[in-house]
Amino acid sequence: MSQALAPRRESEFGYTQRLRGWLGNHWGKPRFLVLVTWSYIVWSIVPVLVAIQFSFNDSRSLSSWHGFTLKWYTSTNPNIDSVFHSAELRGALEQSMKLAGLDVLIATPIGVLLALGLARWRGRGSGASNFLMLFPLVTPEIVAGVSLLLLFSQLLTFVPFGTVAQLLGHVTFSISYVVVIVRGRLFSIGPSYEEAAADLGAAPATRLTRVLLPLLLPAIVASAAIVFAISIDDFVISQWLSNGANSTTVPMEIYDATRATPQPSTDGIATVIMVITLLSVVAGVLVYRFFTRGESGRGSAIDDVAGFGI
Amino acid sequence: MAGGEVEVVDLVKMFNEVTAVDGINLQMPAGEFFSMLGPSGCGKTTTLRMIAGFEQPTSGQILLDGRNMAFTPPHKRNVNMVFQNYALFPHLNVFDNIAFGLRRDKRPKAEIRRRVGEALELVQLTGMEKRKPGQMSGGQQQRVALARALVLQPAVLLLDEPLGALDAKLRKTLQIELKELQQQVGITFIYVTHDQEEALTMSDRIAVMSAGRVEQVGPPQHLYEEPTTTFVADFLGVSNLMTATARGESNGRCKVSLGEFALYAANGDVSTTGETRIVIRPERVRLEAHGTSGENRIPGMVERVVYLGNGNQIIVGLAHGERIQALVQNTGDELAYRQGDPVQAYMPAEALRVLTDTGTAPLEDDPRARPAVRPVEPIAEEASTPNVNV
């Protein structure tokens, strides 16, 4: 009896109603949300994938596919500006890596020390300084770039434009990321480990080296990875503080090349830089996860900040 | 290991404008299992943290074997602490956790190995040296925390609600183990808890604290049988607190009147007069058939019978308007009373106690610490079964 009734009941609904039911069934899967999410992912990733694809195109065309080649990366033919052999592209890659590497080496230790200091500092000014620490994260980069340009051209004229000025600029905004990540970790580990170490007879310096730094290590590694990634990606500040000739970074090179004569090797260097960024961030997150495995599932700072930083 | 004697003199701790500890005095003789018991916010943990050295007293002294330690930093005090969340170093394995203090003390390698081995044996964790804290159960972590503190042979061991995170059954087992351990090592244990049962089970003496002050100090039995304040009576176990008017003493007994009824109370502040509070434990209230005559009896009606397994909690509405509860042991016989039956509540004079103060109401901010049933207050009809934490 009930079997006979079932199909008749289904036909009571029209197609539109059934589609609505499929998308927004209160008791079913949230299909509408899934649809929106995947639409966004496709929208944001497909153009990048297309750009990557054409860096392997066996033609100068960036619109029609002529078969696979690696020549835009590895060719030594002087007529082809390959990523690894063209003086400009290679120079840009080296400049970017140099800036990012030095940035990590300088900004990470300073950021860690600042985070430790800010976490300890109680009293007048501590709230304001904690808030102002976020300022470089929200200042428009163009503003930060112009202000540094004015600073180095009017006031601190002994700072030469090019690598030194660019590095100072990168370090300036990188420190904030380190502070935010490390401070988050400091708050999540709380004061009890340090107290336990003190209770067991550890002097303040020993507490720092034996307990605090090992516990902060994942956050330090993660913030170093993120600093590397954002430094590699940076365009605005590098552009403002360059001296034109030999301080061109990859993003600057891509910008110039695309405006002049876009060719597959531009896509190629973009691909290289993207892979490096991705690897450094993935490595950072993996290292963080590795070191914090087995800890109870409290929300880790990296999960919040990784999304913010990249 | 020799136990240390701890004395706290006029200890005050203020956080900005808030007084957390309000001038307390405590003596803890060497080798004693001493508990500080009270609801959260009563100052017990702050006191413990001052003894450990994590907080600096606003004023007062902390004497360890007669020497004032108030200005000694924590890493130079001969006391060790077991933290509420254990605070085991997650990046170190069990061996390195326990060896941490010995290494800071620059002991030779062989001695460290031997003493860590002994400590592990003491807490029955031999063979777990290579484990990381994250790979252990809560109970095991708790033992590692104990071993890490005890391996340094402190004069005093401080314990900040160390069983708080464990489930009820494990907690019971560890209570007994902790007490045995304390007797074995013979050092002073200062134990902080909000769990009155835990304090009663393990302690040699208990200080009941409220709002930064010590309400009463004494052995468990003394506190349970002879509470002096309303707070202590209410906080420890289940109490029937009743408001009464004291009419004066005769033959060592205080005549009190509740409405038109008169009772004699033989304990507590029997010489008081005027408005006062009297208390009787539920297990001391005897229910008799309606119409039984004699002194210290008030007629009433059974309002509710709650089956507890090992007994029945019977809530009786007394004729003068207050409610009390009686605890009747489960002897296997069928209970003689049902809801609505008229009964006579017999409260023997030797079980009735006149309390000194009528003031300090128990703090209500911590539901865990609050005694579950307050029979003197009207029980709402839709309230669920009252649970008894005795």
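## A hairpin to start with

Let's begin at a turn in chain B. Strands S4(B) and S5(B) make a hairpin with two residues between the strands, and there B:Asp65 takes a positive phi near 50°. Keep in mind that this is a predicted model, so every value here is computed from it.

How many bridges hold S4(B) and S5(B) together? Two, linking S4(B) to S5(B), which covers residues 67–68, and the strands run antiparallel. Find B:Leu63 and look across into S5(B): you'll see B:Asn68 opposite.

S4(B) has another neighbour too. Strand S1 of chain B, residues 6–15, pairs with S4(B), residues 59–64, over five bridges in the antiparallel sense. Here B:Leu63 turns up again, as the bridge partner of B:Glu7. As a bit of background, strands of a sheet pair through backbone hydrogen bonds, either parallel or antiparallel.

## A five-stranded sheet further along

Now scroll on to another part of chain B. Five strands there form an open sheet, and reading across it you get the order S16-S20-S17-S18-S19, with antiparallel pairing. Which strands sit at the edges? They are S16(B), residues 286–289, and S19(B), residues 323–329, and each of them pairs on one side only. The sheet isn't flat from strand to strand: neighbours are turned by 45° against each other on average, direction ignored.

Take a look at the S16(B) edge. S16(B) is joined by four bridges to S20(B), which spans residues 342–346, and the two run antiparallel. One pair to pick out is B:Ala289 with its bridge partner in S20(B), B:Val343.

## Two domains in chain B

Zoom out a little, and chain B splits into domain 1, residues 6–222, and domain 2, residues 226–354. Their C-alpha centres lie 39 Å apart. Where the domains touch, six residues come from domain 1 of chain B and nine from domain 2 of chain B.

On the domain 1 side, the elements giving two or more residues are strands S9(B), 205–210, and S10(B), 213–218. What kinds of residue are on that side? There are four polar residues, one nonpolar and one charged.

## Two helices in chain A

Over in chain A, helix H9(A), residues 163–189, packs against H11(A) at an angle of about 155°, and their axes are 9 Å apart. Angles over 145 degrees count as roughly antiparallel, and therefore H9(A) and H11(A) are roughly antiparallel to each other. The crossing of H9(A) past H11(A) is right-handed.

Want some residues to click on? On the H9(A) side of the contact, try A:Tyr177, A:Val178 and A:Ile181, which are among the residues there. The H11(A) side includes A:Leu216, A:Ala219 and A:Ile220. In this contact, 14 residues are nonpolar, four are polar and one is charged.

## Where the chains meet

Finally, look at the place where chain A touches chain B. Chain A puts in 16 residues and chain B puts in 21. Which helices of chain A give two or more residues to its side? They are H10(A), 192–199, and H11(A), 204–233. H10(A) has the largest share of the chain A side, with six residues.

The chain A side breaks down into nine nonpolar residues, four polar ones and three charged ones. So that you can link the views, note that H11(A) appears in both stories: in the packing with H9(A) and on the side of chain A that touches chain B.

Conventions:
Residues are numbered from 1 along each chain as its sequence is written. Chains are lettered from A and ligands numbered from 1 in the order in which they are written. This is a predicted model: local features need pLDDT of at least 70, side-chain atom pairs count only at pLDDT 80 or more; totals for chains, interfaces and linings use all residues. Domain bounds come from an automatic or database domain assignment. Two residues are in contact if their C-beta atoms, placed from the backbone, lie within 7 Å. Ala, Val, Leu, Ile, Met, Phe, Trp, Tyr, Cys and Pro count as nonpolar, Asp, Glu, Lys and Arg as charged, and the others, Gly among them, as polar. Axes are lines fitted to C-alpha atoms, for helices over the stretch in contact, and angles run from 0 to 180 degrees between N-to-C directions. Angles under 35 degrees count as roughly parallel, over 145 as roughly antiparallel, 65 to 115 as roughly perpendicular and the rest as oblique. A crossing is left-handed if the near helix is turned anticlockwise from the far one by less than a right angle, and right-handed if clockwise. Two strands pair if DSSP finds at least two bridges between them.
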